[in-house]
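Biologist: Could you take a close look at one part of this model for me? I'd like to hear how a single strand sits among its neighbours.

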Amino acid sequence: MSKNEFTVAQLLDRVNTVRVAEGNPRVRALVARVVSDLFKTIDEMDVTPDEFWAATDWLSRLGASGQMGLITAGLGFDRLLDIKLDEADAQAGRAAGTPRAIEGPLYVPGAPLSKGEAWLSEDSPSKGEVFVMEGRVLDIDGKPVANALMDVWHANEVGGYSHFFPGLKEFELRRKIETDAQGRYRFRSVLPPGYAIPPNSPTSELFDALGRHGHRPAHVHFFIVAPGLRTLTTQINVPGDTYLDDDFAFATRDGLVIDLKRIAAPAGYESLGIAAGTQVALSTFDFVMQKARDDDEASPLTRMARVATA
Ligand SMILES: [Fe+2]
């Protein structure tokens with residue numbers, strides 16, 4: 001029998017078993033599964049060489065574009081991981097508190113920290129309604145959580161995030177707020193609209209080919225850390241958005257669509273630059289955090305920071 005002429009099955013076996021060292025058994029098992037599934041796909045769907053090389057060219061361009069995080073969200077993987085965590089919580093009898101939601105690929109550490117309140121748009125020319133969101137961070141027993149650290153970030157009126165979109169200042173529309181002794185937070189910003197994936201990009205190429213839109217409804221991201229509590233990654237949605245129930249990233253969740261009241265601001269918001277009588281879109285929202293089972297669940301690291309330091 002030839003050592004160098006293979007059937008498909010023999011080739012697959014060689015690919016998945018040949019090695020000169022132990023390597024990482026988990027990585028070996030996962031790659032073997034993925035490669036086996038792709039061999040099967042190529043075989044059963046008669047993938048042509050042109051199709052295969054077009055796909056690898058697309059993946060190369062996707063990697064170079066930094067848009068991998070859009071593709072994982074748009075193909076449902078971010079929500080899948082949240083559903084798996086929700087299922088594990090339900091099985092363990094700990095499905096409580098504010099629902100988790102996807103982190104997205106656009107978190108940046110190091111936003112300016114302030115106590116109790118912040119003005120996200122203070123240094124921003126962004127246009128839009130004056131938006132005030134306030135409330136408390138609570139544990140699942142309803143106890144206020146003092147000194148919780150809340151990162152909040154969102155896009156500007158054209159869907160751009162600072163750090164990723166040209167022309168924005170370093171931490172524009174990003175702040176970190178430490179809750180006060182009563183667990184309270186509040187912030188002022190501009191009410192963000194929804195946004196879409198970048199046109200003429202590897203991401204839009206795929207979504208055009210799939211006949212899908214790439215719109216996300218208006219949302220604001222949160223990442224909240226507190227000692228002894230399970231780190232909460234979530235986002236709130238602005239009500240009334242066309243794509244509220246048709247998010248390209250499948251990230252809208254019941255319980256995270258805020259109530260918005262358009263009111264004339266009462267006195268008490270002057271420290272956020274809001275004179276009494278100013279028209280504001282006001283939302284009151286309490287975040288409820290679970291107790292952490294261990295230090296890892298209370299980790300101050302975001303999704304990507306966790307794997308970068310692993
Ligand atoms: Fe976002």
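Modeller: Sure, let's start with the pairing: strand 4 (residues 149-153) and strand 9 run antiparallel to each other, with five bridges between them. Within that pairing, Val152 sits opposite Phe222 of strand 9. Keep in mind that this is a predicted model.

Strand 9 also pairs with strand 10 (residues 232-237), again in the antiparallel sense, and here six bridges do the joining. One spot to click on is Ile224, whose bridge partner in strand 10 is Leu232. Strand 9 and strand 10 form a hairpin with six residues between the strands, and in that hairpin Gly228 has a positive phi, near 80 degrees.

Now for the surroundings of strand 9. Its residues are 219-225, and seven of the seven are buried, so the strand is largely enclosed by the rest of the structure. For the burial label, the cut-off is 20 or more other C-beta atoms within 10 Å of the residue's own. If you sort the side chains by face, His219, His221, Phe223 and Val225 go on one side, while Val220, Phe222 and Ile224 go on the other, and both faces are covered. That brings us back to two residues we've already met: Phe222, which stands opposite Val152, and Ile224, which is bridged to Leu232. Both of them are buried, on the side they share with Val220.

As for where this belongs in the chain, the domain assignment gives domain 1 (1-45) and domain 2 (68-309). The centres of domain 1 and domain 2, taken over C-alpha atoms, are 42 Å apart.

Terms used. Residues numbered from 1 in each chain as written. Predicted model: local features only at pLDDT ≥ 70, side-chain atom pairs only at ≥ 80, totals over all residues. Domains from an automatic or database assignment. Buried ≥ 20, exposed ≤ 12 C-beta atoms within 10 Å, placed from the backbone. Helix = DSSP H or I, 4+ residues; strand = E, 2+ residues; numbered from the N terminus. Pairing = 2+ DSSP bridges.
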